Amino acid sequence: MTRIATLTTTLGFALLASAAQAQNMYGEVGYTGLDYKASGLKASPGMVRGLIGYEFTPQLAVEGVLGLNAKSDTVSGSTLKLDNTIGVFGKAQLPVSDAFKLYGRVGVARTSLKFNGSSETSTGLAYGAGATYDLSKTTYLNLDYTRYQDKDSKMLGGVTAGVGFRF
């Protein structure tokens, strides 16, 4: 699975890089309040998420995501911190009006967590759904929920609120 995730991530970023000169590029930055659940542990770390995407059509896009730690959470004397998450997603969009779109995304994410100083990395299916609202032709607001990890009885996901820019 790690080789598939590495290959998928590399190909996704190569597609994004090759499309860098296009007008259909966009980027987002936002804050994510995360929820982590594992056997007997619930924690709420936070991350700053950056995203760059390319729209092939008004309905289909590809996105690269990078999340970095913004807040650790200590529960019962144990500290959980997101080290980073990186992923590549396919995105399907549904315009509801000229300014409002709903979307869903599915892809692969690699997430690295630190729990009391020891690291744990997981790669697997990631998915989410959200909405955007255009403030202008180049700026929009974003709200979504994305599940970054959901395997081996461990779940990491959260709501991101952010702002996006079209280039």
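A nonpolar core is a set of buried Ala, Val, Leu, Ile, Met, Phe, Trp, Tyr and Cys residues joined through side-chain atoms within 4.5 Å. The exercises below concern a predicted model.

**Exercise 1.** Determine which residues make up the largest nonpolar core, and which element gives the most to this core.

*Solution.*
1. The largest nonpolar core has 11 residues: Leu34, Tyr36, Ala38, Leu41, Ala43, Met47, Leu80, Leu82, Leu113, Tyr148 and Leu156.
2. Two or more of these residues come from each of strand S1 (25–38), strand S2 (41–43) and strand S6 (78–95).
3. With three residues, S1 gives the most to this core.
4. Another core, of eight residues, lies apart from the largest one; Leu51, Val65, Phe89 and Tyr140 are among its members.

**Exercise 2.** State how many aromatic pairs there are, and classify the geometry and burial of the rings of Tyr54 and Phe56.

*Solution.*
1. The count comes to one aromatic pair.
2. In the pair of Tyr54 and Phe56, the ring centres lie 4.9 Å apart and the planes meet at 85°.
3. Planes over 60 degrees apart count as edge-to-face, so the pair of Tyr54 and Phe56 is edge-to-face.
4. Buried means under 20% relative accessible area; Tyr54, at 15%, therefore counts as buried.
5. Phe56, at 46% relative accessibility, counts as partly exposed.

**Exercise 3.** Identify the rings over which the charged ends of Lys91 and Arg105 sit.

*Solution.*
1. The charged end of Lys91 sits over the ring of Tyr103, at 4.3 Å from the ring centre.
2. For Arg105, the ring is that of Phe89, with the charged end 5.6 Å from its centre.
3. Phe89 is also one of the eight residues of the other core described in Exercise 1.

Methods
Residues are numbered from 1 along each chain as its sequence is written. This is a predicted model: local features need pLDDT of at least 70, side-chain atom pairs count only at pLDDT 80 or more; totals for chains, interfaces and linings use all residues. Side-chain values use heavy atoms; hydrogens and water are left out. Buried means under 20% relative accessible area, exposed over 50%, partly exposed in between (1.4 Å probe, protein chains only). Helices (H or I, at least four residues) and strands (E, at least two) are DSSP runs, numbered from the N terminus. Rings of Phe, Tyr and Trp (its six-membered ring) pair if their centres lie within 6.5 Å; planes under 30 degrees apart count as stacked, over 60 as edge-to-face and the rest as tilted. A charge sits over a ring if NZ of Lys or CZ of Arg is within 6 Å of the ring centre and within 35 degrees of the ring normal.
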